[in-house]
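The following note sets out points for a colleague who is examining the coordinates. The points are numbered so that each may be checked separately.

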Protein chains: 2
Amino acid sequence: MTKDKDSKGHAWAVLLSAHATLIDKIGTALAGTKLPPLDWYDVLWELEKAEGGKLRMHELARRIVLSRSSLTRLADRLESARLIERVDSPDDGRGYHCAITRAGRAMRSKMWPVYKAEIEHHFSRHITLDEARTIGDALARAVKAARDSAPS
Amino acid sequence: MTKDKDSKGHAWAVLLSAHATLIDKIGTALAGTKLPPLDWYDVLWELEKAEGGKLRMHELARRIVLSRSSLTRLADRLESARLIERVDSPDDGRGYHCAITRAGRAMRSKMWPVYKAEIEHHFSRHITLDEARTIGDALARAVKAARDSAPS
DNA sequence: CGCAGATAGTTGCAAATGCAACGATATGCT
DNA sequence: AGCATATCGTTGCATTTGCAACTATCTGCG
């Protein structure tokens, strides 16, 4: 245990550097394979988790924490690769549903073991189960508060 | 406590979304002021912590986890603002020392309270001291392992 | 000493980002 | 119904990013 006077500030600093370092490592590893980058995985996974395998653009953007304009273009790339498709929303003439395709699900399944192995190697391996639970709980609380506060 | 079967995978997912969400919130808040963006702070702080207020470019890049080419241009911006300066390294004719200036220290001091308040508001506020210690320790271990393994 | 290979930092380039502005549609108020 | 206002998704633009290539310098080995 640290005996740092400002444990919370320290935790924040470490959180930042952990994110940067691990994303860099994992991203590089992923880039070494022929598989798509990490943000494609996020999109596919969000869609696959969602009811009916589809989500509105703005909702998807919110969930993966990306600006709408960036999502527009990320979705363009995924759509070109036939991993998702945009279908007109029946409820709302302005918007679309992003829907994961069969190929999209297949791609996510193919990416998962690789991604999982990297997470294991760079993250899970180094922390205990209790720590994992604590991290999950504590950070989830902060995220929830941030989401509930000022609307993005 | 969660009773998730895959607590570690879950912790990883939450870590990602916490980082994205909180950086977004804090970054937006910072942008609302007239102060420079967050990555400027990181550079200034790294330099201020370092022996003699200076570091070699590659070492600075490593510490803030940024590619060398990006650091070159980030340093350009900071240097234009007179917050740092590049001085030829006496030891190595190829490289420079990035040194923080008096104005650089002043700017960091001015940014800190604002940044600190945002960290408090979006992060520290929501976690306990024990959780902070756990997060700091666990993630520091992972970072250390990542750094020690394959050289970046 | 002298040359091969590694390393420091910069630059060209293509890709990805967010903001602001836009057309299109939905919603609410009278 | 009719008009003001908000929201959806896309696009133009300026900024930032990393990779690969480049020059300059250092290091080691014959």
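1. In this predicted model, chain A contains an open sheet of three strands with antiparallel pairing, arranged in the order β1-β3-β2. At its edges are β1 (54-56) and β2 (84-88) of chain A, each of which pairs on one side only. Direction ignored, neighbouring strands of the sheet are turned by 30 degrees against each other on average.

2. Within that sheet, three bridges connect β1(A) with strand β3 (residues 96-100) of chain A in the antiparallel sense. One point of register can be given: A:K54 faces A:A99 of β3(A). The helix α3(A) is placed across β1 and β3 of chain A, and its direction makes an angle of about 95 degrees with β1(A).

3. Chain B also holds an open sheet of three strands, with antiparallel pairing and the order β1-β3-β2. Its edge strands are β1 (54-56) and β2 (84-88) of chain B, each pairing on one side only. From one strand to the next, the twist averages 30 degrees.

4. For chain B, the antiparallel strands β1(B) and β3 (residues 96-100) are joined by three bridges. B:K54 has B:A99 in β3(B) as its bridge partner. Helix α3(B) crosses β1 and β3 of chain B and runs at about 95 degrees to β1(B).

5. How are the two chains related? A turn of 180 degrees with a shift of 0.0 Å along the axis lays chain A on chain B with an RMSD of 0.0 Å. The two copies are therefore related as by a two-fold rotation axis. In chain A, A:I135 has the C-alpha nearest this axis, at 3.0 Å.

6. The contact between the chains draws 42 residues from chain A and 42 residues from chain B. On the side of chain A that touches chain B, two or more residues each come from α1 (7-32), α5 (102-122) and α6 (129-148) of chain A. The most are given by α6(A), with 17 residues. Divided by class, this side of chain A comprises 22 nonpolar, 12 polar and eight charged residues.

7. Which surface does each copy use in this contact? Of the interface residues of chain A, 100% are also interface residues in chain B, so the copies meet through the same surface.

8. DNA strand C is surrounded by 22 residues, of which A:S69, A:S70, A:G93, B:S69 and B:G95 are the closest. The elements that each supply at least two residues of the surface near this strand are α4 of chain A, together with α3 (57-64) and α4 of chain B. By class, the surface near DNA strand C has five nonpolar, nine polar and eight charged residues.

9. Around DNA strand D there are 21 residues, and those that come nearest are A:H58, A:S69, A:G95, B:S70 and B:G93. Here two or more residues each are given by α3 (57-64) and α4 (68-80) of chain A and by α4 (68-80) of chain B. The surface near DNA strand D consists, by class, of five nonpolar, eight polar and eight charged residues.

10. For a further check, the helix α3(A) may be viewed in both of its settings: it lies across β1 and β3 of chain A, and α3 of chain A gives two or more residues to the surface near DNA strand D. In chain B, α3(B) lies across β1 and β3, and α3 of chain B supplies at least two residues of the surface near DNA strand C.

Technical notes:
Residues numbered from 1 in each chain as written. Chains lettered and ligands numbered in written order. Predicted model: local features only at pLDDT ≥ 70, side-chain atom pairs only at ≥ 80, totals over all residues. Contact = placed C-beta atoms within 7 Å. Helix = DSSP H or I, 4+ residues; strand = E, 2+ residues; numbered from the N terminus. Nonpolar A, V, L, I, M, F, W, Y, C, P; charged D, E, K, R; others polar. Least-squares fit on C-alpha atoms with pLDDT ≥ 70 in both. Near = placed C-beta within 6 Å. Pairing = 2+ DSSP bridges. Axes fitted to C-alpha atoms, helices over the stretch in contact; angles between N-to-C directions.
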